[in-house]
Amino acid sequence: MTNDELRQSLLMEAKNGYTRISSAQRAEMESYCKDYMAFMDACKTEREATAWAVAEAEKQGFKPLTANAQAKPGDKYYLNNRGKSIILAVIGSESLAKGANICAAHVDSPRMDVKPNPMYEDSEIAYFKTHYYGGIKKYQWPTVPLALHGVVCKKDGTTVTVTVGEDDSDPVLMVSDLLIHLAADQMQKPAAKVIEGEQLNVILGTEPIEGDGSDLVKLHIMKLLNEKYGIIESDFLSAELHLVPAGRCREVGLDRSLIAAYGHDDRVCSYAELAALFALDVPAKTAVCILADKEEIGSVGVSGMQSDAFEYFMDTLCDAQNVKLRECFANSFCLSADVSNAFDPNFAETCDRRNNSKLNYGVSICKYTGSRGKGGASDASAEAMCHVRTTFDNADVIWQIATLGKVDQGGGGTVAAYMANRNIVTVDAGVPVLSMHAPLELVSKLDCYETMLACKAIYLA
Ligand code: MN
Ligand code: MN
């Protein structure tokens with residue numbers, strides 16, 4: 001054997017996905033990404049993504065799960081978890097005792113949340129006070145056009161939905177930054193302190209209402225809000241209002257190979273899971289799609305992945321088939337579909353490039369996340385990793401390896417650990433992202449498409 005032959009048979013050689021994808025698949029990829037971009041424009045919060053998924057599921061014949069569900073092969077159910085998270089299932093031809101094939105992503109993303117008593121006026125400028133949600137570099141958020149998304153629950157029992165800043169005719173909101181001319185002290189601060197949490201105050205307006213009195217700008221803004229939404233100041237206590245980057249996602253690069261959007265993490269995998277699920281006929285094993293909330297703050301709360309809502313959903317299905325939930329879990333597999341950090345040559349020193357995901361190399365499989373000595377990771381087994389790579393290879397999915405940066409460089413987590421805690425074998429995999437958690441993140445179209453194919457392969461495994 002020549003060394004070339006030996007190399008071919010013994011060594012691993014990663015190849016750019018563009019050298020492996022057919023022209024028919026490229027066309028499919030473009031059309032998939034066009035639909036994905038429309039989804040991203042419509043969904044910037046967990047509530048919007050959940051509402052979108054419910055509406056689409058209804059069109060596809062999914063029914064809300066009820067106690068008298070039959071759970072027969074081909075039946076399609078969903079659970080709308082309080083408007084902030086959704087779990088869907090297509091019942092397989094095999095019993096749930098054989099386990100389910102689960103894909104779990106999250107639909108919440110880092111942002112700024114409006115505080116419970118948010119409104120004030122200073123120097124005749126009206127502001128909202130905010131509290132950031134998830135891990136952000138606070139200095140990235142001033143001078144970015146922001147949109148206000150959310151709901152206000154009024155005392156009379158009605159809920160109003162608020163969206164300002166997305167229509168071309170809408171105003172946007174903004175946090176100011178210090179002019180460079182006076183920033184001598186600021187520029188010496190560590191990046192974590194350049195903009196502090198209590199400086200993320202969002203400008204609402206500057207025009208005073210006519211007449212006498214104090215806080216005339218604030219009063220003016222409250223009057224505008226009251227006219228449009230029927231709300232009064234105390235209603236902010238029972239509201240969830242979020243500041244997110246305003247505007248639509250865009251193709252990036254002269255070759256249009258990338259997509260910039262707010263919140264690819266993790267709506268890019270959420271959309272992949274949904275698209276794959278909706279394309280299923282009757283799978284062998286029951287296919288379950290989870291779009292969870294609260295991943296960015298630890299998967300906590302009633303709509304987070306640690307919530308018993310998942311057991312409630314799966315137990316209802318298992319009951320219908322006279323199967324024990326624990327037996328179903330023990331035989332299930334979960335792809336924790338979440339993004340990875342794409343290798344960025346600008347910050348090469350933060351990664352081990354031999355073990356880092358790269359743009360255009362396909363869905364990235366991540367054995368463990370965590371920090372320090374893998375702390376907090378679910379650390380998938382060799383067997384689980386083998387199941388995933390074999391499943392992807394058999395379905396011609398372009399995949400690669402991911403780790404979260406250099407050893408001791410930092411870390412993070414996903415919902416994987418919480419699925420594994422349920423005695424469900426779980427592996428992380430998803431789309432590589434540049435500028436993760438920034439107001440605009442970047443992904444490659446090819447990786448988006450391959451991640452959808454990866455979810456489909458898992459559902460059919
Ligand atoms: Mn994520
Ligand atoms: Mn994240």
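Let's start with the largest nonpolar core, which has 63 residues; Leu88, Leu277, Phe392 and Tyr459 touch the most other members. Helix α11, residues 445-459, gives the most to this core, with 10 residues. Keep in mind, everyone, that this is a predicted model.

Take leucine 277 as a way in. Setting aside neighbours within four places in sequence, leucine 277 is in contact with Phe62, Leu88, Val90, Ala287, Cys289 and Tyr459. Apart from this core lies another one, of 33 residues, including Leu146, Val164, Leu173 and Tyr229.

Now, on to the metals. Which residues coordinate the manganese ion, ligand 1? They are His106 through NE2, Asp265 through OD, and Asp338, which is listed with OD twice, at 2.1 to 2.5 Å. Along the sequence, those donor residues follow the spacing H-x158-D-x72-D. Aspartate 265 also bridges to the manganese ion that is ligand 2, and the two ions lie 3.4 Å apart. Histidine 106 sits in strand β4 and aspartate 338 in the loop between β14 and β15, so this pair ties together parts that are 232 residues apart in sequence. Are these two buried or exposed? Histidine 106 counts as buried, at 1% relative accessibility, and so does aspartate 338, at 7%.

Last stop, helix α7. Its 12 residues, 309-320, should span 16 Å at 1.5 Å a residue, and the end C-alpha atoms are 17 Å apart, which agrees. Buried residues in α7 include Phe310, Phe313, Met314 and Leu317. The buried residues of α7 pack against β2, β3, β4, β13, α8 and α10. Just after α7, asparagine 322 takes a positive phi of about 55°.

Definitions and conventions. Residues are numbered from 1 along each chain as its sequence is written. Chains are lettered from A and ligands numbered from 1 in the order in which they are written. This is a predicted model: local features need pLDDT of at least 70, side-chain atom pairs count only at pLDDT 80 or more; totals for chains, interfaces and linings use all residues. Side-chain values use heavy atoms; hydrogens and water are left out. Helices (H or I, at least four residues) and strands (E, at least two) are DSSP runs, numbered from the N terminus. The expected span of a helix is 1.5 Å times one less than its number of residues. Buried means under 20% relative accessible area, exposed over 50%, partly exposed in between (1.4 Å probe, protein chains only). Contact means heavy atoms within 4.5 Å. A nonpolar core is a set of buried Ala, Val, Leu, Ile, Met, Phe, Trp, Tyr and Cys residues joined through side-chain atoms within 4.5 Å. Donors are N, O and S atoms within 2.8 Å of the metal (3.2 Å for Na, K and Ca); water is not among the atoms, so sites may look incomplete.
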